[in-house]
Amino acid sequence: MTDTMQRIVQARRPDGFPVEEDFRLEEIPLPSPGEGEILVKVTHLSLDPYMRGRMDDVASYAEPQKLNETMGGGAVGEVLESRSEAFAPGDLVLGFFGWASHGVAPAKACRKLDPELPPSTALGVLGMPGFTAWAGLEAYGKLKKGETLAVAAATGPVGSMVGQLAKLKGLHTVGIAGGPEKVGLLTDRFGFDAAIDHRAHGDAKAMRGALAEAAPDGIDVYFENVGGPVLGGVLPLMNLHGRIIVCGMIAWYSGETDETGSIPLQKVWRMALVKRLTIQGLLQTDHTDRFGDFLAEVTPLVKSGQVSYLEDVAEGLENTPKAFFSMLKGGNTGKQVVKL
């Protein structure tokens with residue numbers, strides 16, 4: 001077994017959109033697990049939009065990423081050494097090992113993986129993104145058969161799960177994504193009833209027109225992942241007692257200006273009043289006590305093919321920053337992972 005490992009650290013705070021110089025690849029001594037810990041060789045690591053927010057030194061729902069330390073994030077791998085009765089060498093596990101070739105973590109903070117499924121599914125469809133979609137709909141969606149749900153970033157691991165779960169409950173589903181290839185996947189692979197290419201509708205007015213055609217009865221539930229002109233198009237179409245679940249705002253994560261179509265806050269607030277909208281922020285960490293329920297419900301759906309998923313796989317730890325940049329610009333089609 002090697003006595004060194006590689007990792008990527010955040011070298012400095014980004015100024016706007018992150019660049020290569022904000023990161024540094026290092027080789028350091030391989031750590032040893034302490035009592036109750038395991039040493040893992042990482043096979044796949046996760047890239048997620050929330051990581052961009054942690055790169056800034058600002059107060060948020062997650063602690064800022066510390067400079068000169070391993071970039072945080074979920075990863076899966078094989079146990080090399082265990083000082084816990086819960087795991088043995090060779091077990092496949094999920095843990096918070098970050099952008100690194102190896103990692104040590106408390107056994108109680110790791111999850112043993114189902115050997116019947118690819119390990120990378122624990123980072124996406126059966127991991128934090130899939131659970132985020134399920135938890136948001138379960139806690140706040142109040143889904144009713146015959147209603148209309150819209151979701152942006154709909155080929156991603158959160159959006160695609162949202163659409164498929166809503167479809168299984170009998171809703172009319174509208175997916176929003178960027179580019180003809182992704183739009184095709186929304187209907188052909190994920191079963192959305194209608195699909196919209198936001199790149200073909202560059203401002204809020206155009207988005208509103210496209211959405212009105214795709215959702216002639218209005219929108220009852222909007223699962224918000226992006227902000228920007230998509231949000232500006234959705235808001236005027238929300239129905240009475242509509243629910244907006246705010247999961248992400250990827251269009252604004254690097255300091256971009258407000259592009260909701262010049263809808264001032266006072267009009268947004270009036271829409272919320274007149275239509276009695278519920279606008280609910282979603283953090284999956286508020287619902288972790290139900291993660292077991294999520295796995296029990298969704299794992300059989302994944303195994304049977306009733307819930308489909310896609311993964312974009314980049315190769316090599318050294319290519320992780322480039323894959324991260326591409327994901328932030330919508331360059332990924334499915335869940336973005338890096339294979340080591």
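## Close-up views of a predicted model

**View 1. Two cysteines in a structure without disulfides.** In this predicted model, Cys110 is buried, because its relative accessible area of 13% falls under 20%. Cys247, by comparison, has a relative accessible area of 24% and is therefore classed as partly exposed. A disulfide is a covalent bond between the sulfur atoms of two cysteines. The structure holds zero disulfides.

**View 2. Ser120 and its surroundings, in the loop between strand 7 and helix 2**. Strand 7 covers residues 111-112, and the loop that carries Ser120 lies between this strand and helix 2. Ser120 is buried, since its relative accessible area is 5%, and, when residues up to four places away in sequence are not counted, Ser120 touches His44, Val76 and Glu311. With one of these residues, Glu311, the side chain of Ser120 also makes a polar contact of 2.9 Å.

**View 3. Helix 2, residues 128-141**. At 1.5 Å a residue, the 14 residues of this helix should span 20 Å, and the C-alpha atoms at its ends are 18 Å apart, which agrees with that expectation. Helix 2 is mostly covered, with eleven of its 14 residues buried; among them are the aromatic residues Phe131, Trp134 and Tyr140, together with Pro129, Thr132 and Leu137. Glycine and alanine also appear in the buried set, including Gly130, Ala133, Ala135, Gly136 and Gly141. After the helix comes Lys142, whose phi is positive, near 50°.

**View 4. The open sheet of six strands**. The strands of this sheet stand in the order 10-9-8-11-12-13, and their pairing is parallel. Strand 10 (194-197) and strand 13 (278-281) form the edges, and each has a single partner strand, so one side of each is left without a neighbour in the sheet. From one strand to the next, the twist averages 15°.

**View 5. Strands 11 and 12 side by side within the sheet**. Strand 11, made of residues 219-224, pairs with strand 12, made of residues 238-246, in the parallel sense and over five bridges. Where in strand 12 is the bridge partner of Phe223? The residue in question is Ile245.

**View 6. Helix 4 across two strands**. Helix 4, which comprises residues 180-188, lies across strand 9 (172-177) and strand 10, and the helix runs at about 170° to strand 10. Strand 10, the partner in this angle, is also one of the two edge strands of the sheet shown in View 4.

Terms used. Residues numbered from 1 in each chain as written. Predicted model: local features only at pLDDT ≥ 70, side-chain atom pairs only at ≥ 80, totals over all residues. Heavy atoms only, no water. Expected span 1.5 Å × (residues − 1). Buried < 20%, exposed > 50% of the residue type's maximum accessible area, 1.4 Å probe, protein only. Pairing = 2+ DSSP bridges. Axes fitted to C-alpha atoms, helices over the stretch in contact; angles between N-to-C directions. Contact = heavy atoms within 4.5 Å. Polar contact = N/O pair within 3.5 Å; in protein donor to acceptor, adjacent residues only side chain to side chain. Disulfide = S-S within 2.5 Å.
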